[in-house]
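Me: Please take a close look at one part of this structure, along with the empty space around it. I am new to this structure, so define each term as it comes up.

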Amino acid sequence: MPYDLTRMARQKGVRRNLTLRPIEPTQTNASSLASLYLAVLKAWNPSAILAGYDPPAKGVSDALVLDAPSDQTVAIQQAESEVSRLILEFTSGLRAWVLRVERWHEAKWSAAVQAGTGVDVASLLSFGEVSETIDVFIDRNVALVRNVSDQLRGRISDAVYRGYQQRLPVREVAKEISDATGLARKRSIRIASDQSSKISAALDRNRRDEAGVSMFRYRHSGKLHNRPWHKARDGKIYDSATGKQVEPDGEKMDGGDVIAADDRPGMPPWCSCREQAYLPLMAQLGI
């Protein structure tokens, strides 16, 4: 339920501007999510798809070369059916995964608040404050895994039908399918890492809003290959509602930076920057 963390911190005797420590996504969470993605890709089994692959030898009349070999067409259709079933399992597994992450994040947030302010907010945190974020996350990831599978299906179909038309040996077609599958696996792992970071960033905002904290300090990821404008924001204070840079006491700043809604920490692809909850307690005390 909503609560006023600034007031509670002041009652605890905190007399300084306060930045809560960030909650960093873990590789364990990202790897667990990646395993859910990869389970869907198992439907695209190269051996099953290429069973019975036997194009006419070169030199045989083009009229005898099939454009759509029936064995492979059936195998691809069966794989598509299996993908549909696996996506149902993916959705169930994803919900369990994100609920575990939410509980992990809740504990991290409670610990960060207590370490910074001495306030125990564990009993005040409500699942209702994050339920919409979780539902949106699940819908987004179901769409992403479908997209990965659809792209892989297209590459596999192209490799098989081109193999028949060009009368390629099975080993060449198998290599193309293996390469396509490898790319899909790598993409799935990258997506999982990015999505793990994104849900953590979204939960950061949910919990900060629930606590009535209206400002954040920008924490750059420290990545070597970074977005320069992200690095330039490191340590600056922003209004959470508008994305506008403000003074350390929360007052408006003339000519300050403004963060676009789709460029907030954790929102751009593979952005690992963080929004740290910021409480301008000195300003509120008139110090």
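Reply: One strand and its surroundings

Arg-167 sits in the loop that joins helix H5 (131–166) to H6; helices (H or I, at least four residues) and strands (E, at least two) are DSSP runs, numbered from the N terminus. The model is predicted, so local features need pLDDT of at least 70 and side-chain atom pairs count only at pLDDT 80 or more, while totals for chains, interfaces and linings use all residues. Residues are numbered from 1 along each chain as its sequence is written, and side-chain values use heavy atoms, with hydrogens and water left out.

The phi of Arg-167 is near 55°, a positive value in a residue other than glycine. Arg-167 counts as buried because its relative accessibility is 10%; buried means under 20% relative accessible area, exposed over 50%, and partly exposed in between (1.4 Å probe, protein chains only). Trp-270 also has a positive phi, of about 55°, although it is not a glycine. Trp-270 belongs to the loop between E4 and E5. With 43% relative accessibility, Trp-270 counts as partly exposed.

The part to look at closely is E5, the strand that follows this second loop. How many of the residues of E5 are buried? The count is six of its six, and the strand is mostly covered. On one side stand Arg-274, Gln-276 and Tyr-278, on the other Glu-275, Ala-277 and Leu-279, and all are buried, so both faces of E5 are covered.

E5 belongs to an open sheet of five strands in the order E1-E5-E2-E3-E4, with antiparallel pairing; two strands pair if DSSP finds at least two bridges between them. Strand E1 (18–19) and strand E4 (245–246) are the edge strands, each pairing on one side only. In that order, E5 has E1 and E2 as its neighbours. Towards E1, the antiparallel pairing of E5 runs over two bridges, and Leu-279 of E5 is the bridge partner of Leu-18. Towards strand E2 (residues 215–219), the pairing of E5 is again antiparallel, over five bridges. Opposite Tyr-218 stands Glu-275 of E5. H6 packs on the sheet and touches E2 and E5, and its direction makes about 15° with that of E5. Contact means heavy atoms within 4.5 Å; axes are lines fitted to C-alpha atoms, for helices over the stretch in contact, and angles run from 0 to 180 degrees between N-to-C directions.

Next comes the empty space. A search of the whole structure finds one cavity of 30 Å³ or more. On a 1 Å grid over the protein atoms alone, a cavity is a set of points where a 1.4 Å probe fits but cannot get out, a pocket is an open set with protein on both sides within 12 Å along at least five of seven lines, and lining residues have an atom within 4 Å of a point. Grid points are joined across faces, edges and corners, and a volume is the space filled by probe spheres set on the points.

The volume of the largest cavity is about 70 Å³. Its lining consists of Leu-20, Arg-21, Pro-22, Ile-23, Trp-109, Asp-204, Arg-208, Glu-275, Gln-276 and Ala-277. Helix H6 (170–210) and strand E5 (274–279) each supply at least two of these residues, and the largest share, three residues, comes from E5. By type, the lining has five nonpolar, one polar and four charged residues; Ala, Val, Leu, Ile, Met, Phe, Trp, Tyr, Cys and Pro count as nonpolar, Asp, Glu, Lys and Arg as charged, and the others, Gly among them, as polar.

Arg-274 of E5 also appears at the second largest pocket, where Pro-25, Ser-193, Ser-197, Ser-272 and Arg-274 lie nearest the centre among 17 lining residues. This pocket has a volume of about 220 Å³. Helix H2 (27–41) and H6 each give at least two residues to its lining, and H6 gives the most, with four. The lining divides into four nonpolar, eight polar and five charged residues.

H6 also takes part in the largest pocket, where H5 and H6 are the elements that give two or more lining residues. About 280 Å³ of space lies there, and the largest share of the lining, seven residues, comes from H6.
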